[in-house]
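Colleague: I should be grateful for a close look at one part of this structure, namely the largest pocket. Please set that part within the whole and then describe its surroundings in a form that a first-year student can follow.

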Amino acid sequence: MIKNIITTFFIFILTTLVANAHIDIVYPTQKELTTYGDTIFVSGNTNKNAIVEINSTPVELWENEFFVHVVPLEYGTNKIKIVSKHDNIIEKDFIKVKKPRPSTLNKKFKKPEYIKNEEGVLYAKTIKDRATIRSGAKNNSSRITDLQKNVVLYLDGNLGDYYKIQEKGKTEFWIHKSNITEPISLSNRIKLTIKDKKQYSDENYDYLKFYLSRPVLFTTEQKKDKITLTLYDEENFEYSYEFDSPILGYDFFYEENNLIFKKAKFKKSEDELCPLNGINIFIDAGHGGNEKGTIGPSRVLEKDINLDIAKHLIKLLTQAGANVTYSRIDDKKVDLYDRVKQAQDSNALISISIHCNSLPYNKNPYAKHGTEAHYYNENAKLLAEIIKFNLANDLSIQDNGIHKSSFALTRATNPVSVLVEVAYMINPSEYILLKNTQFRKNVAKSLKKSIEEYILLLQSKKL
């Protein structure tokens, strides 16, 4: 009886020690994977005061808890052994990484051929909103524009699953078959007519309405204070509009056959000391709910950091008199395009989407890190530059520049839309900063300052 009790006691003690000794691999998420990169990083966490080795190499333990280590790879199968030693207990984990050699075989794949419609034209309509028009017959071809539902298109023929749109101009337009009705062959196309144009205004926008015989493919281009609209048909129609004030939020959209151009008004604050007073601003906290975003080495979630920064920023902007709307102020999932719609429906002049950055496994998190801002349309470029500059200087982190990026939350021309990557979750020193409450408050202060600077430039018309 006593022997059984003693045995049970030692088993309990041993189990407790083993349970308290742990090694938690966060990245990579798979135990077996394939990469063509020269390195892979391993990140995770373990016990305080533990000693960690990866492939017998001592690994730095940041905050005495987590690690991020870059492992060189050779061709073939690489076995990565992670060992944590704590209180004479050893925990091990293993990752198997396959790095294939470049193929020496020149395999010839038969490319799909372009099938031209020989007689007449093919007629089709877009069957959904955000029907993407691309410059080529590939999913990674550059995006030119998105069309609404029920836009009439005439097609030349197809290359695989993409149809070429029959329009004049230097640019080729292609659309995937999933975006259109089954094409119908017609002997000829119906010519576009422009019946009339009308100007009108409301509290937030100036409008120009084009009365068309049918909705057609169109593109827009902004250069400084000039916007050019092109309507595509057998004969293209081009309209250019120059403005004596900076172009802020604007949009082109169809209401039945009528194409409407709306341009945001800028209402200067009556109180020069409170430039944000009355300004409509939309704040988006990236991810949320089951969309966690990037996971830090000690399993802090990006969605939570984004939300905390956003809440601090919303408070600061509200105190400054701004009319602030937001995608979320709690941990819930919000559809990507619902965020865009919320920003547009709120008549926001400015939209800021807050994120923290990540890296693929085969990149070096010690080499690639810092703060950056993303924009897509020219009307958001200056705001992106101001935000990036202030974040880098106010927070003393590396300046990664601004980037023209085709994201859902940057593509909208209305409002002025910027996506911010504050810092990298996978870079140890920046991860430590992101976990710090005061740092997140400082991020919010810097973003608020940047928005104020941008508004003051608008007021002085020095853009």
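Modeller: Contacts between residues at least 6 apart in sequence may be sorted by how far apart the partners stand along the chain, and in this predicted model 68% of them join residues at least 24 apart. The protein contains seven helices and 29 strands. Its C-alpha atoms fill a box of roughly 100 × 70 × 45 Å along the principal axes. Of its 463 residues, 49% count as buried. The surface that the protein exposes amounts to about 24,100 Å², and carbon and sulfur atoms supply 49% of that area.

The pocket itself comes next. The largest pocket holds about 1,600 Å³ of space. Its lining is made up of 42 residues, and those that lie nearest its centre are Thr145, Asp146, Asp251, Arg411 and Thr413. Several elements give two or more residues to this lining: the strands β12 (143–147), β19 (218–223), β20 (226–231), β21 (237–242) and β22 (250–255), together with the helices α3 (336–345) and α5 (408–411). The largest share comes from β19, which supplies six residues. When the lining is sorted by class, 16 residues are charged, 13 are polar and 13 are nonpolar.

Two of the elements just named, α3 and α5, also border an enclosed space. A search of the whole structure finds one cavity of 30 Å³ or more, and the volume of the largest cavity is about 40 Å³. Helices α3 and α5 each supply at least two residues of its lining. The residues that line this cavity are Val340, Ala343, Ser351, Ala408, Leu409, Ala412, Pro415 and Ser417. By class, six of them are nonpolar, two are polar and none is charged.

One residue of the cavity lining, Pro415, deserves attention for its backbone. The peptide bond that joins Asn414 to Pro415 is cis, with omega about 5°. Pro415 is placed in the loop between α5 and β29 (416–424). A cis peptide bond is also found from Tyr27 to Pro28, where omega is near -5°. Pro28 belongs to the loop between β1 (23–27) and β2 (32–34).

The surroundings of a single strand residue may now be considered. Asn280 lies in strand β24, which covers residues 280–285. Asn280 counts as buried because its relative accessibility is 17%, and the limit for that class is under 20%. Leaving aside residues up to four places away in sequence, Asn280 touches Asn204, Asn323, Ser346, Asn347, Ala348, Leu349 and Ile350. Two of these neighbours also take part in polar contacts with Asn280. The side chain of Asn280 makes one such contact, at 3.0 Å, with the side chain of Asn323. In the other, a polar atom of the Asn280 side chain lies 3.2 Å from the backbone oxygen of Asn347.

The loop that precedes β24 in the chain offers a contrasting case. Glu270 is placed in the loop between β23 (258–264) and β24. With a relative accessible area of 83%, Glu270 is exposed, since that class begins over 50%. Glu270 and Ser450 are separated by 180 residues in sequence, while their C-alpha atoms are 20 Å apart in space.

Two further loop residues merit a note on backbone angles. Asn55 is not a glycine, yet its phi is positive, near 50°. Asn55 lies in the loop between β4 (51–54) and β5 (57–59). Glu63 likewise has a positive phi, of about 50°, although it is not a glycine. Glu63 is located in the loop between β5 and β6 (66–72). The relative accessibility of Asn55 is 35%, so Asn55 counts as partly exposed. For Glu63 the value is 35% and the class is partly exposed.

To return to the part in question, the largest pocket is lined by 42 residues, with β19 giving the largest share. Helices α3 and α5 contribute to that lining, and both also supply residues to the lining of the largest cavity.

Definitions and conventions:
Residues are numbered from 1 along each chain as its sequence is written. This is a predicted model: local features need pLDDT of at least 70, side-chain atom pairs count only at pLDDT 80 or more; totals for chains, interfaces and linings use all residues. Side-chain values use heavy atoms; hydrogens and water are left out. On a 1 Å grid over the protein atoms alone, a cavity is a set of points where a 1.4 Å probe fits but cannot get out, and a pocket is an open set with protein on both sides within 12 Å along at least five of seven lines; lining residues have an atom within 4 Å of a point. Grid points are joined across faces, edges and corners, and a volume is the space filled by probe spheres set on the points. Helices (H or I, at least four residues) and strands (E, at least two) are DSSP runs, numbered from the N terminus. Ala, Val, Leu, Ile, Met, Phe, Trp, Tyr, Cys and Pro count as nonpolar, Asp, Glu, Lys and Arg as charged, and the others, Gly among them, as polar. Buried means under 20% relative accessible area, exposed over 50%, partly exposed in between (1.4 Å probe, protein chains only). Contact means heavy atoms within 4.5 Å. Accessible areas come from the Shrake-Rupley method with a 1.4 Å probe; for residues, only the protein chains shown count as cover. A polar contact is a pair of N or O atoms within 3.5 Å; within protein, one must be able to donate a hydrogen and the other to accept it, and residues adjacent in sequence count only if both atoms are side-chain atoms.
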